[in-house]
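Student: Hey, I've just opened this one and don't know my way around yet. Can you walk me through it?

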Amino acid sequence: MLISPSHTVLIVDDNQVNLNLLRTTLQGVNYTVIAASSAEEALELIRTQSPDIILLDVMMPDMDGFSLCRQLKQDEDFSDIPVIFLTSLSRKAHIVEGFNAGGHDYIVKPFNRQELLARVRNHIHLYDMLLENKRLTRLSEEASRSKSEFLASMSHEIRTPLNSIIGMAEVLAETPLTVEQHNYVSIFRSAGESLLEIINDILDLSKIEAGQTELESIDFHLPTLLNSVVSILSVRAAEQKSHISIHIHSDVPHAISSDPTRLRQILINLVGNAVKFTENGAVEIAVKSNSLSTLLFSIKDNGIGIPKDKQQLIFESFTQADSLTTRKYGGTGLGLTICQKLVRIMGGSIWLESIPKKGSVFFFTSRFKPATSFPLPGPAEPAPPPSCEILSPARILLVDDNEDNRNLLCLYLRNTPFTIDTASNGQEAVDAFRNSPYDLIFMDIEMPIMDGYEATRRLREWEHDQGLQATPIIALTAHAFVRFRKKCMDSGCSDYLTKPVRKNTLLQTISKHLILQKDNRDNEEYAESISSPPPTDGNTKITLDKKLKKLIPRFLQHKREDAVRMLQSIKSENLKELQKQAHTVKGTSWMYGFKELGDTCLELEQAARNSDVELAQQLISRIKTYLETVEIEYVVPQTKKSNNA
């Protein structure tokens, strides 16, 4: 078989007779042959001619063949070129040294012509395959990057108008409307939510396929997580006139360590599907131990069921059991695909049993570890947004080149004690901040003249030069990929919100960062005044705004639960967790007007930071006593005028 002349063989040998013999042998089967009599000549030819294989002698002047091979293997441009040592050195030690130097083969002189040609042909073939695989890998990576860029652009362009559609629907729903108008608002709000769900499903699948999904290992309370899933889906179940129940077997530990976010995502998808396809029925979530490190989850419904021949198809992308299913029930057909991929990432498997018109049971397993801390039960429902009456006045700068987005956020914040200024690009934001610093900034990313990344960097540099404390800068963008979040945080942002953003999420984020900002301002000054915990008379009285009366019982109940968690942390000597707990309770206490409780938590936070266990125990005891004895008087505050957006 003739070899393509496109394959070039480099012969490196200081013996001219050997060079001529090898040249004749290789050219006889149509190889292109180049030759060098020293390592220096060989290196020059390798750089300029890029041979497909090298036949390398060992004993040469200046640099021997082993040293030359090692040098080549350290250069990423030439390390893949196959090297065959062709030498009279036949001792086992020499052969071993040749392979250790990076050689692909070793032939002892005098050589057999047919054997030499066969080995050269095989190594060139393998080298061709390696180059082709690298080419295909490069093309695949380029295609993947193009796909990711397309999805990122699509997500950004669709999320931007969706932000206005969903947001304005939320604002409109809060205004006086007739029953008919409420129905219209509900319809286009629901349509916007459905479109957002489709976009999120596509992006989730893309992230998983691109290998961008990283698992966390977090201690959490399993029953609380299951209750939160039921709480999220309870409204939809009520609309279907169905009921969701939970059954946890006695062999299941309640405190486990896994990725609660991914586990919740899987459960919401599976339970949501069960609810969607079940009318006037029941959905049961059951959990039992499958082994010492694996849990078995099952989601059972008595809905429409799935035919046997369709049961494996439903795990494929954009596929549902029946084409009519999409028309009647909606959905992208991606939920089960995402579940399957996430379950596999978490080291488990997923399958189902189903009978048409009788119902289905979806099973999946998930690996876990015992919790190292003591996560206690918490509220199933997410915390409500802070009441506008308890928010502190603040100046906020809103930066966005889209006028609709600026108007929407101003409407969200119109009945709050915030003063809102706007800017349409990063340069305007930098100029505005230098003229009059703000308490918080919402920063869009994709803007003309100066984007959000550069604007944030310049604001941080200016704060540093002026010796100012860092202002909370919240990235508010339609980009939903992880790499954009990282880029925002690396540029100096304090937090990251993805459009479309809900009013509740906006208020919670503002409240959190204004509290953190207050913490940082007060921390050093207050620390200087702390010596030892003053005694409490066990009969503390405080005065609060009457508008808070409905919120306070729940607040106090949560703080008592927090105090129990603090005791668990001090018993397990987990001072880092105690410090975080004290920090959280401190902020919410100050926000609701419980100054003494917040001040005590500040002391506890510092005691935990200083590893002062004795002081921490005293402070936790004081917190418990305060929560048991505090007396509250509710009054109607005097009316104050404030500048609202």
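Tutor: Sure. Let's start with a pair of facing residues: Phe442 stands opposite Ile474 in β17. Keep in mind that this is a predicted model.

Student: OK, so how do β16 and β17 pair, parallel or antiparallel?

Tutor: Parallel. β16 and β17, which covers residues 473-477, pair that way over 3 bridges.

Student: And which helix packs on the sheet there, touching β16 and β17?

Tutor: That's α13. The direction of α13 makes about 155° with that of β16.

Student: What's the strand order in the open sheet?

Tutor: The order is β15-β14-β16-β17-β18, so you're looking at 5 strands with parallel pairing. The edge strands are β15 (418-423) and β18 (495-498), each pairing on one side only. From one strand to the next, the twist averages 20°.

Student: Which strands does α12 lie across?

Tutor: Helix α12, residues 426-435, lies across β14 (394-399), β15 and β16. Relative to β14, α12 runs at about 160°.

Student: Switching topic. Where's Ile449, and what's its phi?

Tutor: Ile449 sits in the loop between β16 (440-443) and α13 (452-466). Its phi is positive, about 70°, although Ile449 is not a glycine. Most residues other than glycine have a negative phi.

Student: Is Ile449 buried or exposed?

Tutor: Exposed, because its relative accessible area is 73% and the cut-off for exposed is over 50%.

Student: Which other loop residue has a positive phi, near 60°?

Tutor: Ser611, which isn't a glycine either. Ser611 is in the loop between α18 (595-609) and α19 (613-629).

Student: What about the peptide bond from Lys109 to Pro110, cis or trans?

Tutor: Cis, with omega near -5°. Most peptide bonds are trans. Pro110 is found in the loop between β5 (105-108) and α5 (113-173).

Student: Now the helices. How do α8 and α10 cross?

Tutor: The axes of α8 (residues 260-276) and α10 (residues 335-345) come within 10 Å and cross at roughly 145°. The crossing is left-handed. On the α8 side, the residues include Arg262, Ile266 and Leu270, while those from α10 include Leu336, Cys339 and Val343. The contact residues divide into 7 nonpolar, 4 polar and 1 charged.

Student: And how many residues are in the largest nonpolar core?

Tutor: There are 38, and Leu222 and Phe364 have the most contacts inside that core. The elements that each supply at least two residues include α8, α10, β11 and β12.

Student: What does Phe364 touch?

Tutor: Not counting residues up to four places away in sequence, the list includes Ile266 and Leu270, along with Phe297, Val343 and Ile350. Apart from this core lies another, of 30 residues, among them Tyr592, Cys601, Leu619 and Tyr626.

Student: Back to β11. Which residues are on its covered face?

Tutor: Ile350, Leu352 and Ser354 in β11 (residues 350-355). The uncovered face has Trp351, Glu353 and Ile355. In a regular strand the side chains alternate between the two faces of the sheet.

Student: What's the partner of Trp351 in β12?

Tutor: Phe363 is the bridge partner. β11 and β12 (residues 359-367) pair in the antiparallel sense over 6 bridges. Their hairpin has 3 residues between the strands, and in it Lys357 takes a positive phi near 70°.

How values were computed: Residues numbered from 1 in each chain as written. Predicted model: local features only at pLDDT ≥ 70, side-chain atom pairs only at ≥ 80, totals over all residues. Heavy atoms only, no water. Helix = DSSP H or I, 4+ residues; strand = E, 2+ residues; numbered from the N terminus. Buried < 20%, exposed > 50% of the residue type's maximum accessible area, 1.4 Å probe, protein only. Axes fitted to C-alpha atoms, helices over the stretch in contact; angles between N-to-C directions. Left-handed = near helix turned anticlockwise from the far one by under 90°. Contact = heavy atoms within 4.5 Å. Nonpolar A, V, L, I, M, F, W, Y, C, P; charged D, E, K, R; others polar. Pairing = 2+ DSSP bridges. Core = buried A, V, L, I, M, F, W, Y, C linked by side-chain atoms within 4.5 Å.
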